[in-house]
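Here is my note on the structure, point by point. Keep the sequence and the 3D view open as you read.

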Amino acid sequence: MSRLRANVSSKELGRTPVSQRVGELSMASELFLSHFEHRVHLAVPDQWLPPDRPDLGGMLPWQAGVLPESKYHHFRLDSMVGSFHPGHRAAWTTHELCHRLVGFAFRPGSSPLYHALAARVAEVLPTATWYFFDEAHLRRCVAHAGRGPTFSVHCQACEEVALAGPWLEDPTAQRRLVEGRAFVARELEAITRSRTLGRCLPHAYATLDLASDGLAYAAAQRVRLESPEFRGFIERFFEGTSGTGRVESLDDLCQRVLDVQAALLDEAPLAPWLTRQEDYVAQDLAWRLCSVASESDEEANEGLRAIVDDLAEGGLPAAAFEAYQALHRDFILPSAEDVFAVGYAIPGVAGRSVRQILEGLESVLPSTLSLIADEAAETVEAFLEVDPTLRRPLARRFATYLTETRPGPVADLARYEAALAHPPPPDPESDTLGIRHALGGHRRRSTAFEVLHFTCDVVALASALDDAGELGGEAAEAALSTPSHLLIGRPAHGELVISDVTALTAHALLAMGDASVDPSTMGLSRGEIAALEAIGVLVPSAWRCE
Ligand SMILES: [Zn+2]
Ligand SMILES: [Zn+2]
Ligand SMILES: [Zn+2]
């Protein structure tokens, strides 16, 4: 089992020297991630929620192919399995794994200030990595190169170029490492002073303040951390040994932060956790069962505790699954499929939720799903086996899968619906500066548009399906045999544009790539070029400033 690192992308870890080092250390400790969309997120039991925060408990449903994450519902410092969310940035892989290298502090009977500061210490290094260390030698797009973190601005171009590997010549790298170390030192100092004064002292960097993050974590998690179920969980999985990710004292956690920092930046050795991959799986499953137990009656509880004990003693997940199914027959409990859908493969158990992925696809590819209705579940099951660790929307990944495994109208429809649901981000620069004030006659393809080729007339097919609810009749027949080309994109202000073009136009645009060209050399008529400019597909390469 040790070769498998579920949901960890080696490309994402290859982005910078620090992310590479996080990758090496995580590999040694057999850490891995859970796929956010493949995992069923069990509702937080009511009694663990702070009285005034029912909003933290529930799970938001899919919204047009996106499964939303709530910071304090889904994130647990005491989970040694981090999360991979396809809608987030690549830097999260480093951040999530860095958390598990640092571990967490917990002592039974602690005060709220301890919980707040424990959460704060645990966040110091992952945060310094995000804003400083993982920025050193990070390859960014032309607009952002050498500028440091983009904070709340998401730049797709940065995401893509970073995967090509470190920017070794980065002149700002040394400065970022020095600033990161200073951030860690100041933060640890603020934590020490907080402990001495018995307060939670702030230390702000840009819009970030780990003091308030620590308080928010304590507010959301305190009841859970003080519950008998949590105590039992810690006793079974984290007691007695120091090499499992958990420490008792805040001093020990602060020292761990410095040890991991030295391992990341100075090549200092770091002993791997004693926990093995199968133990993390057992912990993950056990905590889910503990949380189910907290809402069950005493008899079901006994059965659940027995399964947790068995897992703690090295029992196999498949045996736990069977035992849970047996309990499920006698008591009202969440389904075994949901409880065991942890978001990664487990031997002998379906660790990834077919139900949840089907719901996600229904929310974004309704026509495609209606076409494959009878075989939808099997198709999704097969897709989950190979769903790549990519930061792309579910609909896009599924459409690619269909294109590779069964090219034709179904795959076309999926690509079409995915393009409508997740168009590329608009290009406000070109929209605002316009065509009239172009500098020179060269044009490039707007990044806000996609050029798509289909084996059928996909628009007619979608509308025939809409009208009839199934494929049949002359309209559908004709649609199936006519190839089509579409331009799909979204202006900065306004509705999505879907433009039907000839094969010649589409291929001319595809041939342009990212280059800036003289449009008269594209083999298109003046009228066609003017039409493409009018809808914003061809845009100037630069503008006059006069
Ligand atoms: Zn974090
Ligand atoms: Zn950028
Ligand atoms: Zn074509």
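1. Start with a term. A salt bridge is a side-chain nitrogen of Lys or Arg within 4 Å of a carboxyl oxygen of Asp or Glu. Searching the whole structure for such contacts gives 29 salt bridges. Keep in mind that this is a predicted model.

2. Take Asp 78 and Arg 76. They form a salt bridge, and their closest N and O atoms are 2.9 Å apart. Is this pair buried or exposed? Both Asp 78 and Arg 76 are buried.

3. Now turn to Asp 251 and Arg 195. This salt bridge has its closest N and O atoms 2.9 Å apart. The pair links distant parts of the chain, 56 residues apart. Asp 251 sits in helix H10 (residues 250-265), and Arg 195 sits in helix H7 (residues 173-197). Arg 195 is partly exposed because its relative accessible area is 34%, and partly exposed covers the range between under 20%, which is buried, and over 50%, which is exposed.

4. Glu 359 and Arg 355 show a salt bridge inside one helix. Their closest N and O atoms are 3.0 Å apart. Both residues belong to helix H15 (residues 354-362). They are four residues apart, about one turn of the helix. Glu 359 is partly exposed at 37% relative accessible area. Arg 355 is partly exposed too, at 34%. Elsewhere, salt bridges with shared partners join Glu 37, Asp 387 and Arg 397 into one network.

5. Next, the aromatic rings. A pair of aromatic rings is described by the distance of the centres and the angle of the planes. How many aromatic pairs does the structure hold? There are 24. One of them is formed by Trp 92 and Trp 130, with 4.8 Å centre to centre and 50 degrees between the planes. That pair is tilted, because the angle is neither under 30 degrees, which would be stacked, nor over 60, which would be edge-to-face.

6. Where do these two rings sit in the chain? Trp 92 lies in helix H4 (residues 91-102), and Trp 130 lies in helix H5 (residues 112-131). The pair therefore ties together parts that are 38 residues apart in sequence. Trp 92 is partly exposed, with a relative accessible area of 30%. Trp 130 counts as buried, at 15% relative accessibility.

7. Phe 233 and Phe 237 make another tilted pair. Their ring centres are 5.5 Å apart, and their planes stand at 45 degrees. Both residues lie in helix H9 (residues 228-237), four residues apart, so about one helical turn separates them. Both Phe 233 and Phe 237 are buried. They also belong to one aromatic cluster with Trp 48, Phe 104, Phe 106, Phe 230, Phe 238 and Trp 287.

8. Look at the zinc ion (ligand 1). Which protein atoms are its donors? They are His 95 (NE2), His 99 (NE2) and Glu 123 (OE), lying 1.9 to 2.1 Å from the zinc ion. The donor residues are spaced H-x3-H-x23-E in sequence. His 95 and His 99 are four residues apart in helix H4, so they are separated by about one helical turn. Both His 95 and His 99 are buried.

9. Strand S9 (residues 484-489) deserves a check. It is mostly covered, with six of its six residues buried. In a regular strand the side chains alternate between the two faces of the sheet. Both faces of S9 are covered. On one side, Ser 484, Leu 486 and Ile 488 are buried. On the other side, His 485, Leu 487 and Gly 489 are buried.

10. What pairs with S9? Strand S8 (residues 449-454) and S9 pair in the antiparallel sense over six bridges. There, His 453 stands opposite His 485 in S9. Strand S10 (residues 497-501) also pairs with S9 in the antiparallel sense, over five bridges. Here His 485 stands opposite Val 501 in S10.

11. Last, step back to the whole chain. It is divided into domain 1 (10-275), domain 2 (280-352), domain 3 (360-421) and domain 4 (428-540). The centres of domain 1 and domain 4, taken over C-alpha atoms, are separated by 42 Å.

Technical notes:
Residues are numbered from 1 along each chain as its sequence is written. Chains are lettered from A and ligands numbered from 1 in the order in which they are written. This is a predicted model: local features need pLDDT of at least 70, side-chain atom pairs count only at pLDDT 80 or more; totals for chains, interfaces and linings use all residues. Side-chain values use heavy atoms; hydrogens and water are left out. Rings of Phe, Tyr and Trp (its six-membered ring) pair if their centres lie within 6.5 Å; planes under 30 degrees apart count as stacked, over 60 as edge-to-face and the rest as tilted. Buried means under 20% relative accessible area, exposed over 50%, partly exposed in between (1.4 Å probe, protein chains only). Donors are N, O and S atoms within 2.8 Å of the metal (3.2 Å for Na, K and Ca); water is not among the atoms, so sites may look incomplete. Domain bounds come from an automatic or database domain assignment. Two strands pair if DSSP finds at least two bridges between them.
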